[in-house]
Amino acid sequence: MIKTRFAPSPTGYLHVGGLRTALYSYLFAKKHGGKFLLRIEDTDRERYVADGVANILKSLYWASVVPDEGVILSEAKDPSRSDKRDSSAKPQNDNLRITQKGENGPYTQSERLDIYKEYAQKLLDAGHAYYCFCSSERLEKLRADQQAKKMPTGYDGLCAKLDPTESKQKAEAGEKHVMRLKMDKHGETVFNDLIRGEVRFKNELVDDQVLIKSDGFPTYHFAVVVDDHLMGITHIIRGEEWISSVPKHAQLYKYFGWEIPEMAHLPLLLNPDKSKLSKRQGDVAVEDYMKKGYLPEALVNFVAFLGWNPGTEKEMYTMEELVKDFDLAKVGKTGGVFNIEKLDWYNKQYIKNLSNAELVEKAMPWLEEAGVGGRPILEKAVSLERERITILSELPEAIKFVFELPDYKADTLVWKKSSNEEVKNILPKLIEFFDTVDENDWDKQVLEEKTKIWIAEKGFSVGSVLWPMRVALSGQENSPGPFEIAEVLAKKQTITRLQIALEKL
RNA sequence: GGCCUCAUCGUCUAAUGGUUAGGACAUUGCCCUUUCAAGGCGAAAAUACGGGUUCAAUUCCCGUUGGGGCUACCA
């Protein structure tokens with residue numbers, strides 16, 4: 001059975017590039033009826049961030065990239081809160097807790113130290129690894145010298161020459177040490193990358209990688225190999241930055257006598273200036289997009305298309321459709337610029353496809369924050385702006401005028417082809433006319449029909465009536481159409497606002 | 001510096017040994033129209049460069065240039 005994994009380091013948040021890697025791994029597994037596993041690689045204690053794991057999981061679950069095995073989120077049994085969960089775009093994780101699921105755990109590397117120790121010992125016993133006592137000062141100097149001579153950098157193997165028994169004694173006596181891989185420098189490492197095809201490296205240039213750090217924690221290179229094997233990973237899908245460490249990993253697989261999983265190295269996501277996507281040039285955390293009110297469906301759709309596309313002209317993809325059509329062979333080799341404009345377009349499309357009720361539900365956190373959460377005509381109000389907003393967080397500001405007429409200048413009431421006098425003449429008549437309209441006819445279509453007939457009868461130009469009407473109702477120069485607003489405001493408030501306008505003139 | 005890797009409109013990309021090199025976003029013109037959006041119809045916009053191979057290259061090969069990654073007791 002196919003099993004893929006996503007193995008983030010909990011350094012604070014989920015990067016959008018990480019989301020894409022996780023998504024592709026997820027899609028690939030699902031497509032082939034396999035499993036998607038989540039492992040936490042927290043072997044760097046210096047970069048460890050509290051809540052890092054929670055944040056990553058929150059982002060992943062928000063995007064519906066949910067692991068089948070490994071570190072997962074499970075709902076705490078707290079019935080008092082269970083009805084509070086909604087499908088709003090903002091994540092609700094108060095009643096969720098992090099747990100682990102599966103037979104191959106633990107799935108957090110810091111909990112697997114004994115396992116690494118055991119496998120490190122095997123290497124040591126077989127003579128495939130050795131203790132190294134070199135100080136960081138010596139290593140730095142070594143590197144500096146190599147760089148000065150324009151030589152390839154790397155460990156010179158000094159401690160590999162030590163007598164293993166003596167080394168063992170020294171290490172056990174407490175002398176500060178690391179454990180290094182005894183790299184076989186002969187020949188080359190050749191492997192078939194699922195995206196790039198055959199890639200080869202000369203082994204002589206591969207360093208004697210540190211396997212176990214002086215703090216007893218494994219390095220990434222050692223832990224991934226051990227874990228991927230022990231957890232039954234069949235396909236490693238990860239970022240391109242890892243491709244040059246494949247020879248080290250391959251050596252380890254060879255020493256252990258394990259089968260190397262299939263590998264696919266994904267091209268990186270880029271800034272608009274083509275450098276590696278970084279925080280300096282915009283938002284890179286999934287959380288940032290979450291908070292701004294991007295819909296997870298939009299982000300997923302967008303990110304899926306950064307480096308992959310079905311080869312057809314279909315652009316809108318649900319997760320189910322992605323699972324169905326995703327194909328690693330169609331993933332491109334070139335890095336893609338993370339282009340916000342396209343994301344914005346996707347988000348607009350997805351917002352447009354929402355029903356009013358869904359939109360209210362998903363936007364509720366922002367609406368509540370703005371103090372308009374409890375309004376009874378929310379759905380109607382929201383319908384006015386649904387095609388005008390790009391992200392959910394813009395909604396409260398956009399619909400505010402419905403609940404509270406903004407202050408505006410009298411001259412904005414005058415259409416460009418009209419005049420102050422004309423507005424003064426028209427408004428009272430319009431109020432009078434609206435007064436005669438039956439409450440039952442107060443919907444946008446009927447009202448528009450009736451009003452347009454009335455305008456024609458009176459011989460006014462359409463704009464000279466509708467512009468001031470719209471401004472009077474919205475208090476804004478740019479707004480939804482006058483009849484849409486009138487319907488939402490209802491007859492009474494419509495007339496009130498027209499009267500306010502009249503007083504301004 | 002060394003190693004690996006990539007190269008089609010501004011961006012994401014499609015396609016092919018022979019095409020008017022297609023689509024989407026963005027830009028832009030027109031239409032619709034009371035404004036803004038949305039929508040409709042158009043426009044402009046690309047095979048990095050130089051050599052081969054070939055009747056024919058954007059596609060295959062080599063080189064150049066440019067980009068990116070790696071070169072840690074970080075992942």
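Let's start at L23. In this predicted model, L23 touches V65, V300, V303 and A304, leaving aside residues up to four places away in sequence. That puts us in the largest nonpolar core, which has 118 residues. Which residues touch the most other members there? L23, A120, L299 and V303. As for helices, α1, residues 16-31, gives the most to this core: nine residues.

Next, the RNA. Strand B is surrounded by 63 residues. The closest are S9, E41, S214, K276 and G463. Which element brings the largest share of the surface near RNA strand B? That is α18, with five residues. Helix α18 spans 462-474. Several elements supply at least two residues each, among them α5 (136-148), β8 (197-202) and α12 (340-352). β13, at 336-337, does so as well. Now the make-up of that surface by class. We count 20 nonpolar, 22 polar and 21 charged residues.

Last, a sheet. This one is open, with three strands in the order β5-β6-β9. The pairing is antiparallel. Why is one side of β5 and of β9 left without a neighbour in the sheet? Both stand at the edges, β5 at 129-132 and β9 at 210-212, and each has a single partner strand, so one side of each stays free of a neighbour there. From one strand to the next, the twist averages 45°. Now look at β5 with β6, residues 178-181. These two strands pair over four bridges, in the antiparallel sense. To find the register, take Y131: its bridge partner in β6 is M179.

Methods
Residues are numbered from 1 along each chain as its sequence is written. Chains are lettered from A and ligands numbered from 1 in the order in which they are written. This is a predicted model: local features need pLDDT of at least 70, side-chain atom pairs count only at pLDDT 80 or more; totals for chains, interfaces and linings use all residues. Two strands pair if DSSP finds at least two bridges between them. Axes are lines fitted to C-alpha atoms, for helices over the stretch in contact, and angles run from 0 to 180 degrees between N-to-C directions. A nonpolar core is a set of buried Ala, Val, Leu, Ile, Met, Phe, Trp, Tyr and Cys residues joined through C-beta atoms within 7 Å. A residue is buried if 20 or more other C-beta atoms lie within 10 Å of its own, exposed if 12 or fewer, and partly exposed in between; C-beta atoms are placed from the backbone. Two residues are in contact if their C-beta atoms, placed from the backbone, lie within 7 Å. A residue is near a molecule or strand if its C-beta atom, placed from the backbone, lies within 6 Å of it. Ala, Val, Leu, Ile, Met, Phe, Trp, Tyr, Cys and Pro count as nonpolar, Asp, Glu, Lys and Arg as charged, and the others, Gly among them, as polar.
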